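Trainee: I should like to learn how to read the sheet and the helix of a model. May we go through them in turn?

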Amino acid sequence: GEEAVEEAWRYVGEQIWKPILMQLKEVGTEALVEAYASFLRAHGHDFYVEEDEEKTVFVMKYCASGGRLIKEGKNDDSNRSPVNIGTTKKAYPWSFNMKGLSYYCVHTPLWMDILPREWGWDVFKSEFGRQFDADGNSVDEPCKAFIYKKPREKNKT
């Protein structure tokens, strides 16, 4: 069932993301910011960065994976493509508390919010932005990833 989506992304996160994130933790959040920017560039995201004393914010106007699924109508809530990637039928903590989120996109709240907190390094926060309407037209609703310079327990944010 749908709950297995969380289980699957947790498994992949434990196997692939946790070792990388824990290595970056040893170096610090500056290295995490650089690694995240490199990842976004390598995957073809259209983004810009804002920074203040507390955090670095990646504003993604175009996500080359989840955003592209919406743009091309490839999620199961669209009839514009024969591809039908599943979307959540209910809201979950691991789906930004939204229903209708692509099963692909749910790795973001898991890998950027939930799992790092469970692993003891609470420096991420992410926000979903749909980026495209039901017809694939661009809308000004970017996804955002926040990387705090110090763990959020200490920032109290």
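Mentor: Let us begin with strand 3 and strand 4, which run antiparallel and are joined by 4 bridges. The model is a predicted one. Within this pair, Lys125 has Phe146 of strand 4 as its bridge partner.

Trainee: What holds such strands together in general?

Mentor: Strands of a sheet pair through backbone hydrogen bonds, in either a parallel or an antiparallel arrangement.

Trainee: How many bridges join strand 2 to strand 4?

Mentor: There are 6 bridges between strand 2 and strand 4 (residues 143-148), and the two run antiparallel. One residue pair to locate is Phe58 with its bridge partner Ala145 in strand 4.

Trainee: In which sense do strand 1 and strand 2 pair, parallel or antiparallel?

Mentor: Strand 1 (residues 46-51) pairs with strand 2 in the antiparallel sense, over 6 bridges. The connection between strand 1 and strand 2 is a hairpin of 3 residues. Here Phe47 has Met60 of strand 2 as its bridge partner.

Trainee: What is the order of the strands in the sheet?

Mentor: The 4 strands form an open sheet in the order 1-2-4-3, with antiparallel pairing. Strand 1 and strand 3 (124-127) stand at the edges with a single partner strand each, so each has one side without a neighbour in the sheet. On average, neighbouring strands of this sheet are turned by 15° against each other, direction ignored.

Trainee: How many residues of strand 2 are buried?

Mentor: Strand 2 (residues 55-62) is mostly covered, with 6 of its 8 residues buried. As a general guide, the side chains of a regular strand alternate between the two faces of the sheet.

Trainee: Let us turn to the helix. Which residues of helix 1 are buried?

Mentor: The general idea is that an α-helix has 3.6 residues a turn, so residues three or four places apart point the same way. In helix 1 the buried residues are Val5, Trp9, Gly13, Trp17, Leu21 and Leu24. Their cover includes helix 2 (29-42), helix 4 (107-118) and strand 3.

Trainee: Where does helix 1 have a kink?

Mentor: A kink of about 45° is found at Trp17, shortly before the proline Pro19.

Trainee: What span should the 25 residues of helix 1 have?

Mentor: At 1.5 Å a residue, helix 1 (residues 3-27) should span 36 Å, and its end C-alpha atoms lie 34 Å apart, which agrees. Just after helix 1, Gly28 adopts a positive phi of about 125°.

Technical notes
Residues numbered from 1 in each chain as written. Predicted model: local features only at pLDDT ≥ 70, side-chain atom pairs only at ≥ 80, totals over all residues. Heavy atoms only, no water. Buried < 20%, exposed > 50% of the residue type's maximum accessible area, 1.4 Å probe, protein only. Pairing = 2+ DSSP bridges. Axes fitted to C-alpha atoms, helices over the stretch in contact; angles between N-to-C directions. Expected span 1.5 Å × (residues − 1). Bend = angle between axes of the 7 residues up to and from the residue. Contact = heavy atoms within 4.5 Å.
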